[in-house]
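Here is a short briefing to read alongside the structure. It covers a sheet, the helices that pack on it, and the way some helices cross.

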Amino acid sequence: MRGGQFRARAITIKEIKSENLFWAIDKTGIVLYNINMNNHGQRKGNHIQPMIQAVTNRPLKDSKGRESLEIDLRRMIQSNELDYNQPITTEMELAKGYGISRNTVRKALQALTNEGLLFKRHGLGTFVVPPRERSSERIALNKILTIIPNYSGEIVQLGWYDRSLVSGIADFSFHHGGQLELRGYGDTASRLLDQFRNLKFDGIIWERPAQEYYPVIAELRRFGVPQVTISRQLDGVPSLFFDYQAGTREVLRFLRGIGHREIVFIDLDRTEPVFTGRRQVFAEELRADGIRNPDEYVYPMQFKGITEADMDRVFQQHPKLTAIFFSVALAPEIWGYLQKRGCRIPQDLSLLSLEESEKSQKIGEISSLCEPRREIGWRAAQLIKSQKASGCISAEPEYFSGELIIRKSCLSPQHLLKEQLC
């Protein structure tokens, strides 16, 4: 220290002695640190506890009292800026710094104690609860940000698939006194990080994030932002999946159990593991049933790009086809072709869709393998709250079983019944 000047975090500040305290004040008059001194003008110990760092954003005269104190302390705690082994600034110092009474300070500290963020040690002061020791049940939920592909700002424009997920997140948030905010893609990592640090949200749920956003998610993870991804897996980020592999096996067991032998799978032509994995399982199950060339029973097709020639090829290669398992996103094109071909459902052909949608429900009573979207949404919100409490949780992916709903579109093949009668 030279001439009452020293450097802290690249900000030159000066010290002003007041009784047995030295207040470190920058050129705008904002308190940065306080240093306890003894009667001989020497520091008490070597530790300098940060003094309300968030106050550096505004003059003391603009302090909002208890609310500002709670917000500032909560921000510092959640950003891991305070030493868990040292007491926070004393009640008297906080009262002076914020221009409020010690009783008001006690109320603010008690509120954070009730949330499980602070605790008191008799005779030593108030300490921050380490992240791993915090209870997710006591931590208050503020707001969960959910980012959904193609979200336009109107929830009514979301499809059934996304609305089911949002319903689960909203229910959890409401149950725990929090809020839900929906956004489309577009925010940068720096903007999201700034909003998180200013307590605009507690964490982010990414619904099927595109690959170009993987660096954004990785950057936020580096700064400890709670995140959960749906149907996509990234290093160090908890992820939730519908167990397509188990569901695909269940579909094949059911169809083969009622007599179907010639079954094809028409899926979206996507390269993400969730798509390639379920097609691989379908082929493996057919191989286990004695099909020599199971890959010839799997047809990846483009969304809104199925042609009549594509479907003709399916029937030409499988003239004894009795059942189609298909992605619900392809339902309109497949149904239109079958109608034009004159196929009777289920007398000539059984249909079973992977998931449901408004369009598939309008087509008719189509059997389906349904993803538990609401349950996944609830669990995603729960993981955000757990991360907020403990700082980190297991990043191992979690899988959820689906529900096989059988309707009028599935029937035992008539030609097999005739053969049995003969």
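The points below are grouped by topic, starting with the sheet.

Please keep in mind that this is a predicted model. At the centre of this briefing is an open sheet formed by six strands. Helices α8 and α10 both pack on that sheet, and each also meets another helix: α7 in the case of α8, and α9 in the case of α10.

**The sheet**

- Reading across the sheet, the strand order is β13-β12-β14-β15-β16-β18, with mixed pairing.
- At the edges you will find β13 (298–301) and β18 (403–405), each of which pairs on one side only.
- On average, neighbouring strands here are turned by 15° against each other, direction ignored.
- Within the sheet, β12 (residues 263–268) and β14 (residues 323–327) run in the parallel sense and share four bridges.
- If you want a residue pair to look for, Val-264 has Ile-324 in β14 as its bridge partner.

**Helices on the sheet**

- Helix α8 (residues 273–288) touches β12, β13, β14 and β15 (350–354) as it packs on the sheet.
- The direction of α8 makes about 170° with that of β12.
- Helix α10 also packs on the sheet, where its contacts are with β12, β14 and β15.
- The direction of α10 makes about 150° with that of β14.

**Where α7 meets α8**

- Helix α7 (residues 244–257) and α8 have axes that come within 9 Å and cross at roughly 35°.
- This crossing of α7 and α8 is right-handed.
- From α7, the residues in the contact are Tyr-244, Gln-245, Thr-248, Arg-249, Leu-252 and Arg-256.
- From α8, they meet Val-274, Gly-277, Arg-278, Val-281, Phe-282, Glu-285 and Leu-286.
- By residue type, the contact of α7 with α8 has six nonpolar, three polar and four charged residues.

**Where α9 meets α10**

- The axes of α9 (residues 308–317) and α10 (residues 331–341) come within 10 Å, crossing at roughly 70°.
- Because of that angle, α9 is roughly perpendicular to α10.
- The α9 and α10 crossing is right-handed.
- On the α9 side, Glu-308, Met-311, Asp-312 and Phe-315 take part in the contact.
- Their partners in α10 are Ile-334, Tyr-337, Leu-338, Lys-340 and Arg-341.
- The residues in the contact of α9 with α10 are five nonpolar and four charged, with no polar ones.

Technical notes. Residues numbered from 1 in each chain as written. Predicted model: local features only at pLDDT ≥ 70, side-chain atom pairs only at ≥ 80, totals over all residues. Heavy atoms only, no water. Axes fitted to C-alpha atoms, helices over the stretch in contact; angles between N-to-C directions. Helix = DSSP H or I, 4+ residues; strand = E, 2+ residues; numbered from the N terminus. Parallel < 35°, antiparallel > 145°, perpendicular 65-115°, else oblique. Left-handed = near helix turned anticlockwise from the far one by under 90°. Contact = heavy atoms within 4.5 Å. Nonpolar A, V, L, I, M, F, W, Y, C, P; charged D, E, K, R; others polar. Pairing = 2+ DSSP bridges.
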